[in-house]
Amino acid sequence: MTLIHGSMERDNAARTGYNLVDRDQRYNPYSLIQKHEGNELEAQCDYLLQVISDFKLQGRIGFYGQADMGATHMLLSTLADRLENAEVSGEFGESLFTVARETKDAAELADLAELGRRTCLVVGEVQEFLQTHAVRDESLMQADGLPLTIGDVRRFLQFRLQLQGLAEDHSTIFAQGSESAVPHNAGSNDRILQLGQSIIFDIFPRGESGYFHDMTRTWCLAYAPDDVQEAWDHTKALFDKVMAHFQIGTPCRDLQALACDHYESLNHRTLRSHPGTHEGYVHSLGHGIGLDVHEGPSLSLRAGNDTTLQLGHVITVEPGLYYPDPGYGVRIEDAVALDAAGQLQCLSQYPYDLVIPMPKAQAMGPRTVR
């Protein structure tokens, strides 16, 4: 295995144990740009042609990575026109690397478990933060008399994530009421925290190792309206049913079929019964996590999804229901793993309670949220 690296990364490169080539000494990019009078496409093509020649690469040569699609198309098309005894090759959809990343070894599982533990600590701190606030006219209030907003919660969350060595690659979802009815609405920072409205708290931080965790809890502060409670009950029953079927050899698509069967039997729309629906069950049951927060395998009914659950899979299970008109959403999500013994491990060890007690709020009964 040979790694071509920039000179500033030579110490990091040395830790890999690979055969090393210093790009800046052997294929200096500034010299190549000067040679081609500032034409970056020609310089990049020249660089790749030199590498292919130096390492005597022939036949089908695969290219992988992350870059702008248009720029990559231009580069590889130009390169293909100039190759001799070799051809540009690629893979669409599943690739050598995406398949390899679907399963994790023992060290990776241990890292992901620790990441889950620290994420759950932060979730608990956010819950306690909310519970310390007084309530006036069903709104959470700060000590200075101003209402507590989602932006205030987000700032507290970000501080606690930093203390745990966790980072947000994208804004954590903390969406309340009508905003929780759209699965990926992150929540408006100026929205005031209210009792009795559904809050979807979907947190997916990245650890120092580059791996992600992903979990969701749905909360109602002080009390839950009847329709939210019913949707949550339907979702938790499905969540438990899926966990009982989460075994080595189970086709991933069968779990999504089970989810659709469950919700449809309770008169909820699903993507299977109503493709493109905005209400009911509007997404797949889950996805793999690792170096990306969304990677394979997928718990979906997508055509061609013939993956079965395997040792080393780390997957989210996240059933949910969304109703924009009445203005609420619910979702429950854990990251789970199938370890080397084939046992199911839950990496999101946090209570599922829908109703979060508010000690400083007066007792009140459920009411319908409009």
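Start by selecting Arg 118 and Glu 208 in this predicted model: the two form a salt bridge, with the closest N and O atoms 3.3 Å apart. Color helix 7 (residues 106-131) to place Arg 118, then the loop between strand 8 (198-203) and strand 9 (215-221) to place Glu 208. The pair therefore ties together parts that are 90 residues apart in sequence. Switch on a surface and look at each partner: Arg 118 counts as buried, at 11% relative accessibility, whereas Glu 208 is exposed, with a relative accessible area of 61%.

Next, select Arg 331 and Glu 318. Their side chains meet in a salt bridge at 3.9 Å, N to O, which falls inside the 4 Å cut-off. Arg 331 sits in strand 14 (residues 328-331), and Glu 318 is in the loop between strand 12 (314-317) and strand 13 (320-323), so this bridge joins parts 13 residues apart in sequence. Arg 331 is buried at 1% relative accessibility, and Glu 318 is buried at 10%.

Now move to Lys 35 and Asp 46, whose side chains form a salt bridge of 2.7 Å, N to O. Here the link runs between helix 3 (residues 29-35), which holds Lys 35, and helix 4 (residues 40-54), which holds Asp 46; the two residues are eleven apart. Lys 35 counts as exposed at 55% relative accessibility, while Asp 46 counts as buried at 12%.

For the last stop, select Arg 101, Lys 104, Asp 292 and Glu 295 together: a network of salt bridges links them. If you would like to keep exploring, a search of the whole structure finds 20 salt bridges.

Conventions
Residues numbered from 1 in each chain as written. Predicted model: local features only at pLDDT ≥ 70, side-chain atom pairs only at ≥ 80, totals over all residues. Heavy atoms only, no water. Helix = DSSP H or I, 4+ residues; strand = E, 2+ residues; numbered from the N terminus. Buried < 20%, exposed > 50% of the residue type's maximum accessible area, 1.4 Å probe, protein only.
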